[in-house]
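User: I'd like a close look at one part of this model, with its surroundings for context. Could you walk me through how that part is put together?

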Amino acid sequence: MTDALIADLAQIGGLRVISRTSAMRYKGAGKPLPEIARELNVDAGGRRHGVARRRPRAHHRAAHRRGDRPPSLGAELPARPERRAGAPGRGGARDRAGDPARAHAAPARSAGRRARHSARRLRDLSPAAATSGTSVPRSTCARESRYSSARSRSTPTTRSPTRDRRLLQHPRRHRGDALGRGLRARQGGGRLARSRSIPIWPRPTPRWPSRGSSGCGLNRAEETFRHALRLNPGYATGHQWFAEFLASQGRFDEATREAQHAADLIRSRS
Amino acid sequence: MIGTTHADVLYFGRRYEDSIETLHRTLEIGPNFVAAHTDLGRAATQLQRFDEAIAEFRIAADLQGIDPDHAPGLGYAYAAAGRRDDALRVIGELEARRAERPISSHAIAAIHLALGDEATALDTLERAYRERDRALVWLKVHPRLDLLRGHPRFAALVRR
């Protein structure tokens, strides 16, 4: 649960999250919070579990003094175009409330909410998205990483493809934000990935053999048998089943060799 | 277990004597291994050593605690030995017991074929296909179905 919590908090751009290792040093230590905060160089705001609000950068502080919205709170979001007076709204709750000023306000999406949204989007992305500009469900990604990338892909969704492609093609531009951190973590290069608090993606899946000419039929079965036995040549039962498979295909010489090999393996163990 | 696999390979490769020899070696290790007895029975049937085959099938049935008439292999041995009534009795028993326990339609088809009833054998094989009888994986090579090879319906079934 600690790992999950740390991983979730790390997605929030406005927070700096101390690694689990650092935080757990204080477990049961009985030190007062201000002392812990001093040692960790964070604000002593009563926050625990290694979470501290990130110190605002100089230009954020300057913007704050000017009364502007800091970038982390959505100032960089494009403002909605002005609606002509009297034009009908979209029927949202704000419009229904009859408050045109609020209805036209830029969405004040919080940093945490944006980070969660970005993390959700990242989870749904695949390497295929980087090239095709579309997001593909993760289950499809898993299949594609196993089989040939030349296979036709299942119908992708088209949810904000431009931003997704930009993110995956230019991760450096997003080095400082939650999207970038999530991406690095999933690519195995981030601190979070090393601490194993979230799964590394793409996962190191074994390379499965490509499909045979008859799809998921006998060719596939044979390739899978051979692949399994390459991975574990000492698996007697595998050789036994493979012998039966070969016999069922009328390949008796090969089947006999496999069966004898299986018997030899059993004998060598006993 | 490995011994019976090797014996299976030899049996489907029509090397019945070698198969029997392998099975005898297996039975030296485990005299009560049911599969070895049934495999011995079917190899002996192909060599037309029917008494030996029937004896082995009966031993296997005893070890399993079932009526010998419920053993498809025994039915095939009866049919191959020309004991038509016995074979038909076994078929009747097997068909009657199908609701109680899984009985391979493939095995029943082989008995029909040994009795010379090709059409019924093919119908029963079609039923086996519909039931996804796993014994159909041996369709290409099973010695009991050799009489059907070259039949268009059988060829179509193998293609499927």
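Analyst: Here is the close look, beginning with one helix and its neighbours and widening out afterwards.

A quick word on ground rules: this is a predicted model, where local features need pLDDT of at least 70 and side-chain atom pairs count only at pLDDT 80 or more, while totals for chains, interfaces and linings use all residues. Residues are numbered from 1 along each chain as its sequence is written, and chains are lettered from A and ligands numbered from 1 in the order in which they are written.

The part I'd pick is helix 4 of chain B, which covers residues 50-64. Helices here are DSSP runs of H or I with at least four residues, strands are runs of E with at least two, and both are numbered from the N terminus. Helix 4 of chain B has 15 residues and reaches 21 Å from first C-alpha to last, close to the 21 Å expected at 1.5 Å a residue (the expected span is 1.5 Å times one less than the number of residues).

Which residues of helix 4 of chain B are buried? They are A53(B), I54(B), E56(B), F57(B), I59(B), A60(B) and A61(B). "Buried" means 20 or more other C-beta atoms within 10 Å of a residue's own, "exposed" means 12 or fewer, and "partly exposed" is in between, with C-beta atoms placed from the backbone. An α-helix has 3.6 residues a turn, so residues three or four places apart point the same way. The buried residues of helix 4 of chain B pack against helix 3 and helix 5 of chain B; two residues are in contact if their C-beta atoms, placed from the backbone, lie within 7 Å.

Now the ends. In the loop between helix 3 and helix 4 of chain B you'll find Q48(B), a residue other than glycine with a positive phi, near 60°. Q48(B) counts as exposed because it has 12 C-beta neighbours inside 10 Å. Just after helix 4 of chain B, G65(B) takes a positive phi of about 75°.

The two packing partners also meet each other. Helix 3 (residues 34-46) and helix 5 (residues 72-80) of chain B pack at about 15°, with their axes 10 Å apart. Those axes are lines fitted to C-alpha atoms, for helices over the stretch in contact, and the angles run from 0 to 180 degrees between N-to-C directions. Helix 3 and helix 5 of chain B are therefore roughly parallel (angles under 35 degrees get that label, over 145 is roughly antiparallel, 65 to 115 roughly perpendicular, and the rest oblique). Their crossing is left-handed, meaning the near helix is turned anticlockwise from the far one by less than a right angle; clockwise would be right-handed. Helix 3 of chain B brings T38(B), G41(B), R42(B) and T45(B) to the contact, and helix 5 of chain B brings G73(B), Y76(B), A77(B) and A80(B). By class that makes 3 nonpolar, 4 polar and 1 charged residues. Nonpolar covers Ala, Val, Leu, Ile, Met, Phe, Trp, Tyr, Cys and Pro, charged covers Asp, Glu, Lys and Arg, and the others, Gly among them, are polar.

Stepping back, chain B has 9 helices and 0 strands. Buried residues make up 43% of its 160 residues, and among contacts in chain B between residues at least 6 apart in sequence, 46% join residues at least 24 apart. Another non-glycine residue with a positive phi in chain B is R132(B), near 55°. R132(B) lies in the loop between helix 8 (118-130) and helix 9 (152-159) of chain B and counts as exposed, with 7 C-beta neighbours inside 10 Å.

Last, the partner chain. Chain A comes to 15 helices and 2 strands, and buried residues make up 18% of its 270 residues. The contact between the chains takes 16 residues from chain A and 11 from chain B. On the chain A side, helix 14 (236-248) and helix 15 (252-269) are the elements giving two or more residues, and the largest share, 8 residues, comes from helix 15 of chain A. That side divides into 9 nonpolar, 6 polar and 1 charged residues.
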